[in-house]
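Hi everyone, thanks for coming. I'd like to walk you through a structure I've been looking at, so please pull it up and follow along with me.

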Amino acid sequence: MRIAIQSLISFSVFLALMFAVTAHAQEPKAVVETATQGVIGELTKLDKEDRTEEQIRRLVMTYIVPAIDQEKIAKGALGKHWKRATEEQQTAFIDNFRELQIRTYTGAFKAFNGEEFSFEPAKFNKKGNRALVKGKLVQNNGSVVPIDFRLYRNKKTQQWLVYDAVVAGLGMVKTYRQQLSERLQTISIAELLTELSQAETQQASR
């Protein structure tokens, strides 16, 4: 795939462990903490060499996917080009973008090696429907990486969902948007969707 996605892999090591939620509504900090401990707990039950692609993908589907507002992230990543897309193309992009995240997070989980996380109490906007959870990742070599998680409360379900994250000053959605926008200067949305689909097919065949 020609889109320069490799620069985003660094996000995955940190973000893949975070995006999970229990069936009950939780406060933003609890969402993040539950995700961390839940995923790490399952990973530590397996030796690193025993973490198969299928097992890790199951964890991603169970813990990560339900906690992310896929449409909101997809719209943010596509930016101004979202309105140019037809309804069918928008749906296809959400599906392809979800699969891209699943593949990336699955690869990141395989790289997990006992990193530790801590989080501050959530900070809310005036309306109380958006929150920022600041945290840090302590790597095995002692280095500390700051992490900010942005969540919003869904009006219908009252569930807090992740819609963006900032790792070491780099925003996930913003980075995707910059790369996709650059690509869409030379190709159409239909061609972009073809590239995403081809990448998915190539990955599945490996």
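Let's start at one spot in the sheet: Lys123 has Leu132 in strand E3 as its bridge partner. Keep in mind as we go that this is a predicted model. Lys123 brings us to strand E2, residues 123-124, which runs antiparallel to E3 and is joined to it by 2 bridges. E2 and E3 form a hairpin with 5 residues between the strands, and in that hairpin Gly128 takes a positive phi near 75°.

Now follow E3 to its other partners. Strand E4, residues 144-153, is antiparallel to E3 and joined to it by 9 bridges. If you want one pair to click on, Val133 has Phe149 in E4 as its bridge partner. E3 and E4 also form a hairpin, again with 5 residues between the strands, and Gly142 in the turn has a positive phi of about 95°.

Strand E1 pairs with E3 too. E1 covers residues 116-119, E3 covers residues 130-138, and the two pair in the antiparallel sense over 4 bridges. Here the pair to look at is Phe117, whose bridge partner in E3 is Leu137.

Which residues of E1 are on its covered face, and which are on the uncovered one? Phe117 and Phe119 make up the covered face, while Glu116 and Ser118 are on the uncovered one. In a regular strand, side chains alternate between the two faces of the sheet.

Let's zoom out for a moment. The chain has 7 helices and 6 strands. Along the sequence, the pattern reads α-α-α-α-α-β-β-β-β-β-β-α-α. There are 206 residues in the chain, and 48% of them count as buried. The chain exposes about 11,000 Å², with carbon and sulfur atoms supplying 49% of that area. And if you take the contacts with a separation of 6 or more, 61% of them are between residues 24 or more positions apart.

Next, my tour stop in strand E5, residues 160-167: that is where you find Tyr163. Is Tyr163 buried or exposed? Its relative accessibility is 19%, so Tyr163 counts as buried, the cut-off being under 20%.

Who are its neighbours? Not counting residues up to four places away in sequence, Tyr163 touches Lys72, Ile73, Arg130, Arg150, Leu151, Tyr152 and Val173. With Arg130 there is a polar contact, side chain to side chain, at 3.3 Å. Lys72 has its charged end over the ring of Tyr163, 5.7 Å from the ring centre. Lys72 also lies over the face of Tyr152, at 5.0 Å from that ring centre. One more thing about Tyr163: Gly76 is 87 residues apart from it along the chain, yet their C-alpha atoms are separated by 8.8 Å.

On to the aromatic rings. How many aromatic pairs does the structure hold? There are 5 aromatic pairs. One of them is Phe93 with Phe97, a stacked pair with 5.3 Å centre to centre and 20° between the planes. Why are these two separated by about one helical turn? Because they are 4 residues apart in helix H5, which spans residues 87-110. Phe93 is buried, with a relative accessible area of 2%, and Phe97 is buried with a value of 2% as well. Ring pairs link Phe93, Phe97 and Tyr176 into a cluster.

While you have H5 on screen, find Gln90, which lies in that helix. Gln90 has a relative accessibility of 18%, so it counts as buried. Leaving aside neighbours within four places in sequence, Gln90 is in contact with Trp82 and Ala85.

My last stop is helix H6, residues 172-183, where we find Thr175. Thr175 is buried, with a relative accessible area of 13%. Its side chain reaches the backbone oxygen of Gly171 at 2.7 Å.

To recap the route: we began in the sheet, where E3 pairs with E2, with E4 and with E1. Then we met Tyr163 under the charged end of Lys72, the ring cluster of Phe93, Phe97 and Tyr176, and finally Thr175 in H6. Thanks for listening, and do have a look around for yourselves!

Conventions: Residues are numbered from 1 along each chain as its sequence is written. This is a predicted model: local features need pLDDT of at least 70, side-chain atom pairs count only at pLDDT 80 or more; totals for chains, interfaces and linings use all residues. Side-chain values use heavy atoms; hydrogens and water are left out. Buried means under 20% relative accessible area, exposed over 50%, partly exposed in between (1.4 Å probe, protein chains only). Two strands pair if DSSP finds at least two bridges between them. Contact means heavy atoms within 4.5 Å. A polar contact is a pair of N or O atoms within 3.5 Å; within protein, one must be able to donate a hydrogen and the other to accept it, and residues adjacent in sequence count only if both atoms are side-chain atoms. Accessible areas come from the Shrake-Rupley method with a 1.4 Å probe; for residues, only the protein chains shown count as cover. Rings of Phe, Tyr and Trp (its six-membered ring) pair if their centres lie within 6.5 Å; planes under 30 degrees apart count as stacked, over 60 as edge-to-face and the rest as tilted. A charge sits over a ring if NZ of Lys or CZ of Arg is within 6 Å of the ring centre and within 35 degrees of the ring normal.
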